[in-house]
Amino acid sequence: MTAVLLVLPLVAILFAWLRRQRGERERAVVGRRWPQLSDARPTRGLLFLTALACALVAALKPAWGESTVAAPAPIDVMICLDVSRSMLAEDVRPNRLQRARAELNALADALGDDRIGLVAFAGEARLVVPLTRDVESFRELAEGVGTLSVRRGGTDLAAAIRTATRALTDAGSRRACILLVTDGEDHAGAGATAARISPWPTHVLALGTELGAKIPVEGGFLRDRAGNEVVTRLDPASLEALVDAGDGRLYDAGDALTEVLAEEQRTTRAGEPDRRAQRYQWPLLAAVLLWLVDLGRRRTR
């Protein structure tokens, strides 16, 4: 746009130089009568330059008025909540699972016209809440999800992504994303493969720390077969590979789920065309009228 505006002073300089050259030739031919013959030319030149300026302004396509894209398009958000026993670790207060529930409630408050759904997973995954705008029902069902919601232990991120993808497809989603809330690692890259295949971006909210924590159980802490207390640690490297494959982002315990929604809304708004009223017609009309006046003055001379 700046390059277009630079054309005007260049044309003005060129116009002044050509006028001067022409004036010198006419002075040599006409002699003393030349000043009377050239009286109208400054006005003629001013009309031409003003018309050119209006045309350049029209080329910039000026637009003003209230935009019709202030509200971002609705988004379907499918949450995949890890309910494995490691989510009871307390390196994130009060523990990983309780923190996840708090984040789900905050996200539900920020939804607006968006829809939200919930998949619970550990060693397998199941759809708990299909996509809905009923925030209160979502809250009640999400609050009841815990470590006993899925029978098989473990952390199967691929199963969670496949279940979420299937639910979004069945619901006819167009603008959607998948959000894994987990402390697990992507074993053998199966989650990354599932995220790459899914048509929607896959984000991860990683709960936990690399230092890790023990897993509380009744009477103490969870132990392995050798009798040692199990320490669950976050593996951000595998989760980073997963979001890269799924065209998503990795968030940590210091972030909020509402940031995921806000980022998706910003992306939606950035992809929308600017629908403010176009006003280029007025400077274009002014340019045409000025050129017609200039043409008329030339013909009357």
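What is the relative accessible area of Arg175? The value is 30%, so Arg175 counts as partly exposed. This report on a predicted model covers salt bridges and one nonpolar surface patch.

## Arg175 and Glu264

The side chain of Arg175 meets that of Glu264 in a salt bridge, with an N to O distance of 3.6 Å. This pair connects distant parts of the chain, the two residues being 89 residues apart. Arg175 sits in the loop between helix 6 (157-170) and strand 5 (176-182), while Glu264 belongs to helix 9 (residues 257-271).

The two partners fall into separate exposure classes. Arg175 is partly exposed at 30%, whereas Glu264 has a relative accessible area of 5% and is therefore buried, because buried means under 20%.

## Salt bridges of Glu229

Glu229 pairs with Lys214, and their closest N and O atoms are 2.5 Å apart. Glu229 is found in the loop between strand 9 (220-221) and strand 10 (231-232), and Lys214 in strand 7 (residues 213-214), so this salt bridge ties together parts 15 residues apart in sequence. Glu229 also forms a salt bridge with Arg223, where the closest N and O atoms are 3.4 Å apart.

Which exposure class does Glu229 fall into? Its relative accessible area is 28%, so Glu229 is partly exposed. Lys214, with a relative accessible area of 38%, is partly exposed. Arg223 is partly exposed as well, at 49%; the value for Arg223 does not reach the exposed class because that class requires over 50%.

## Salt bridges in the whole structure

How many salt bridges does the structure hold? The count is 11. A network of salt bridges links Asp91, Arg96 and Asp183.

## Nonpolar patch and helix 10

Which residues form a nonpolar patch on the surface? They are Trp282, Leu284, Leu285, Val288, Leu289 and Leu292. Together these residues have about 600 Å² of accessible area.

Leu292, one of the patch residues, is placed in helix 10, which spans residues 281-300. The relative accessibility of Leu292 is 52%, so this leucine counts as exposed. The cut-off applied here is over 50% relative accessible area.

Terms used. Residues numbered from 1 in each chain as written. Predicted model: local features only at pLDDT ≥ 70, side-chain atom pairs only at ≥ 80, totals over all residues. Heavy atoms only, no water. Patch = residues over 30% accessible without salt bridge, like charges linked within 9 Å, V, L, I, M, F, W, Y side chains within 5 Å. Areas by Shrake-Rupley, 256 points an atom, 1.4 Å probe, with all protein chains shown as cover. Salt bridge = Lys/Arg side-chain N within 4 Å of Asp/Glu carboxyl O. Helix = DSSP H or I, 4+ residues; strand = E, 2+ residues; numbered from the N terminus. Buried < 20%, exposed > 50% of the residue type's maximum accessible area, 1.4 Å probe, protein only.
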